[in-house]
Amino acid sequence: MENSIFDKVVDRNQTYSIKWDALDKVFGREDILPMWVADMDFLPPKAVLDALKERIDHGIFGYTFVPMSVTEAIQDWMKQRHDCEFKKSSILFSEGVVPSISTAIRAFTEKGDKVLIHSPVYTPFFNMVKKNDRTLVTSNLLIENGRYELNFADLEAKLQDDVKLFILCNPHNPGGRVWTKDELEKIGDLCVKYNVLILSDEIHSDLVFKPNVHIPIASIKEEFKKITATFIAPSKTFNLAGLQASAALIPNKELKAKFKAVQDQQGFFTLNTFAIAGMEAAYLNGAEWLEQLLAYLDENMNITTNFIAEHLPALKPMKADATYLLWIDCRGLGLSDEEIQKQLLEKGKLGLEPGTKYGEGGEGFVRMNLACPRETLNDGLQRLKKAFS
Ligand SMILES: Cc1ncc(COP(=O)(O)O)c(C=O)c1O
């Protein structure tokens, strides 16, 4: 097979990488291959590297502002990539999607208010609700034919019980589901009916495999737009998490003002120099690179699921519509979560995320990050085999 730019193995050790340099702290040992936290072992698009280098070469790193060109780049990206129109005036910036979720919780709810999330789901959803002294309500996802489905009866029962805010993860981490238009419409209609605001975390929305299509919930109906804050970022798409750049798209003026007021209260006023340069270059010039990335990730997904089917039939990976994260059902092994981790670390020397980190329903699962060169992937798969054979 022809070499791909994504085949290049880059040594990430000694770069203060959480994934590679914090192994002792996270897993209690350093002799493992890390395939856990959600960043990629790939270089970003050349256009992004060039923009960052140009900024470094300039050499002065004083106070900056986010120029209108970045707002326009985001607006165009949302229109071209996701067929969703946002006015420039609805676009705000933030250092991350998790900080935005926390800001929105504070801005749109009061202490003690109920906030609903799915379970299992991305860990900080639980933490942000609890750390802001709101009342956490969860609706467990169902597994049908080996993939996640929404439990609408449960969702409706909970939404009507005085929930103020619902945090949606679309595409879903860790399950990789891209929620369909029909599903999103039902969620939106319920939120309208019961007067519940929506935070839509769409950080994985660019990493969708064909024929699946990501639909921003705000794009479905005008009334959904009025109750939704949508969060996006170039961090997952272009591997720029360390730059700390994201956007909050909030068309409802009143909600936007509330969000902005909390940002002001926290003293947040702009993005850093590199976030601005990287974000602009990525959204303006990263589309072609992204297509190549998606083809590579899709193949990594296929290689992994085929390998597991052949060598580890007790493991059942969930088919991912999106993301580079594979959510693997290990319940067929008959091991406890502790035993699964022990075997992964001691026998396989492989660092994966334990499913228990993602809340109820995550027991017996592990999450494997496949965003790495094939050489690393093959090494990881051999280790997975060793762990459980
Ligand atoms: C669903 C989801 N939201 C947010 C984040 C992190 O966002 P940020 O780094 O912008 O705070 C992640 C990272 O894994 C994620 O999976």
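In this predicted model, the largest nonpolar core comprises 70 residues, and those with the most contacts inside it are I74, L271, M279, L293, L344 and L384. Helix 13, which spans residues 287–311, gives the most to this core, contributing nine residues. The core is not confined to one part of the chain, since at least three of its residues come from domain 1 (5–45 + 288–388) and at least three from domain 2 (52–285).

The UniProt record, in an unreviewed entry, lists residues 37–384 under the heading "domain: Aminotransferase class I/classII large". Over residues 37–384 the chain is 45% helix and 17% strand, and the C-alpha atoms at the two ends are 17 Å apart.

From the core we can turn to the open space in the model. The largest pocket holds about 1400 Å³ of space, and its lining is made up of 46 residues, of which A38, D39, L240, A241 and G242 lie nearest the centre of the pocket. The elements that give two or more residues to this lining are helix 1 (18–21), helix 3 (46–58), helix 5 (97–108), helix 6 (123–131) and helix 10 (234–238). Among these elements, helix 5 supplies the largest share of the lining, namely three residues. In chemical character, the lining residues of the largest pocket divide into 24 nonpolar, eleven polar and eleven charged. As with the core, both domains take part: the lining of the largest pocket draws at least three residues from domain 1 (5–45 + 288–388) and at least three from domain 2 (52–285).

Some details of the backbone deserve separate attention. As a general matter, most residues other than glycine have a negative phi, and most peptide bonds are trans. Against that background, the bond joining N173 and P174 is a cis peptide bond, with omega about 15°, and P174 is found in the loop between strand 7 (163–169) and helix 8. A cis peptide bond also joins K210 and P211, where omega is about 5°; P211 is found in the loop between strand 8 (197–201) and helix 9 (222–227).

Positive phi values away from glycine are the other backbone detail to follow. D83 is not a glycine, yet it has a positive phi of about 50°, and D83 is found in the loop that runs between helix 4 (68–82) and strand 2 (91–94). D83 counts as exposed because its relative accessibility is 57%, where the cut-off for exposed is over 50%. N239, likewise not a glycine, has a positive phi of about 60° and lies in the loop between helix 10 and strand 10 (246–249). Is N239 buried or exposed? Its relative accessible area is 15%, so N239 is buried, given that buried means under 20% relative accessible area.

Helix 8, already met as one end of the loop that holds P174, covers residues 181–193 and contains I187. Because its relative accessibility is 0%, I187 counts as buried. How far apart are the C-alpha atoms of I187 and E299? They are separated by 32 Å, while along the chain the two residues are 112 residues apart.

Key. Residues are numbered from 1 along each chain as its sequence is written. This is a predicted model: local features need pLDDT of at least 70, side-chain atom pairs count only at pLDDT 80 or more; totals for chains, interfaces and linings use all residues. Side-chain values use heavy atoms; hydrogens and water are left out. On a 1 Å grid over the protein atoms alone, a cavity is a set of points where a 1.4 Å probe fits but cannot get out, and a pocket is an open set with protein on both sides within 12 Å along at least five of seven lines; lining residues have an atom within 4 Å of a point. Grid points are joined across faces, edges and corners, and a volume is the space filled by probe spheres set on the points. Helices (H or I, at least four residues) and strands (E, at least two) are DSSP runs, numbered from the N terminus. Ala, Val, Leu, Ile, Met, Phe, Trp, Tyr, Cys and Pro count as nonpolar, Asp, Glu, Lys and Arg as charged, and the others, Gly among them, as polar. Domain bounds come from an automatic or database domain assignment. UniProt positions are given in the numbering used here, feature names are shortened, and annotations may be inferred rather than shown by experiment. A nonpolar core is a set of buried Ala, Val, Leu, Ile, Met, Phe, Trp, Tyr and Cys residues joined through side-chain atoms within 4.5 Å. Buried means under 20% relative accessible area, exposed over 50%, partly exposed in between (1.4 Å probe, protein chains only).
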